[in-house]
Amino acid sequence: MELEGKQVRIGVIGAPCIGKSCVVKRFVENSFHGSQYNPTPGVDFYSRRMSVKPLGTVTLIIIDIAGSAISSKMLPIYLHGIDVFLFTYDMTNTASLNELRKWVTVVYGLAEEKHLEPSVALVGSKGDLEHLRTVRLDAHTRFAQEFNIQLSFLVSAKSGESVQTCFTKCAIYHLSPEAKQRVREHAMLPMAIPKRQSLPAQNHPMAIPQPPGTSAGILNPTTTSAAMADPNSTVCSVQ
């Protein structure tokens, strides 16, 4: 299936101070800004154009929404037109997972008003801090099942592990009816975990298959951390 020039708008949402912007910048710029925390003022827009097999050239528009925007009158405007929502929490902060319930209520409520079925994923950030984990894998799984979230990832902005996989697979899920059907035939897409993590036996590879000869990230046979910054990436901010 060739979708040359197709766009996917991905909204990254969740509580403040959980590393959302770091994850986005790792994907768009291949950089890590963990020691330079600056709260997102409203919403930041990023873009990255890439070749995704078997979809062709796809432009991902990333909307990084401030955690404080949950109480803003502008929130419906920020969320308008988003194709895929990444419900993001910090795996070292249990409260950040609970905070997602507010975001799920808002997103699903707006989608119901417009008679839409949003594509959604549950994303645990700071996957490199396994020794500080407070959100157990079973809590992650229960949350995803409770809200019928079929895409599931654990990522690390610091190491870059699973970041590219997360955004790319979300784009494939949204654009490919075959991939979406394949995921739905499984109760939930098992979590994509950084390679260094020790996992229970029930966490199997993700349901969307990789094209022959490519890595887990699909786009680049090298690891995410070794990738170069993309010259096709851009960023702007709205307060």
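Here is a short chat about how a few labels on this predicted model follow from their cut-offs.

Visitor: What should I keep in mind about the numbers?

Guide: This is a predicted model, in which local features need pLDDT of at least 70 and side-chain atom pairs count only at pLDDT 80 or more, while totals for chains, interfaces and linings use all residues. Residues are numbered from 1 along each chain as its sequence is written, and side-chain values use heavy atoms, with hydrogens and water left out.

Visitor: Why is Asn98 called partly exposed?

Guide: Buried means under 20% relative accessible area, exposed means over 50%, and partly exposed is in between (1.4 Å probe, protein chains only). Asn98 has 46%, so partly exposed is the label. Asn98 sits in helix H3, residues 94-113; helices here are DSSP runs of H or I with at least four residues, strands are E runs of at least two, and both are numbered from the N terminus.

Visitor: How do you know that the length of H3 agrees with its residue count?

Guide: The expected span is 1.5 Å times one less than the number of residues. For the 20 residues of H3 that gives 28 Å, and the end C-alpha atoms are 30 Å apart, which agrees. Among the buried residues of H3 are Leu97, Trp103 and Val104. The buried residues of H3 pack against several elements, including strand S1 (6-13) and helix H4 (137-146), where contact means heavy atoms within 4.5 Å.

Visitor: What makes Lys126 and Asp90 a salt bridge?

Guide: The rule asks for a side-chain nitrogen of Lys or Arg within 4 Å of a carboxyl oxygen of Asp or Glu. Lys126 and Asp90 come to 3.1 Å, N to O, so the pair passes. Lys126 is in the loop between S5 and H4 and Asp90 is in strand S4, 36 residues apart. Asp90 is buried at 3%, whereas Lys126 is partly exposed at 27%. By this rule the count comes to 6 salt bridges.

Visitor: Where do Arg142 and Asp138 sit relative to each other in helix H4?

Guide: Arg142 and Asp138 are 4 residues apart in H4, so about one helical turn separates them. Their side chains meet in a salt bridge at 3.5 Å, N to O. Salt bridges with shared partners join Arg136, Asp138 and Arg142 into one network.

Visitor: Why does Lys180 have no salt bridge?

Guide: Lys180 is buried, and the nearest side chain of opposite charge, Glu117, is 6.8 Å away, so the 4 Å limit is not met. For charge, Lys and Arg count as positive and Asp and Glu as negative, while His and the chain ends are not counted. Lys180 touches Ser119, Tyr173 and His174, not counting residues up to four places away in sequence.

Visitor: How do you know that Cys166 and Cys170 are not bonded?

Guide: A disulfide is a pair of cysteine sulfur atoms within 2.5 Å. The sulfur of Cys166 is 4.5 Å from the one in Cys170, its closest cysteine sulfur, so that is too far for a bond. The count comes to 0 disulfides. Cys166 is buried, at 1%.

Visitor: What is notable about the phi of Ser162?

Guide: Phi of Ser162 is near 70 degrees, a positive value in a residue other than glycine. Most residues other than glycine have a negative phi. Ser162 is in the loop between strand S6 (151-154) and helix H5 (163-175), and its 11% makes it buried.
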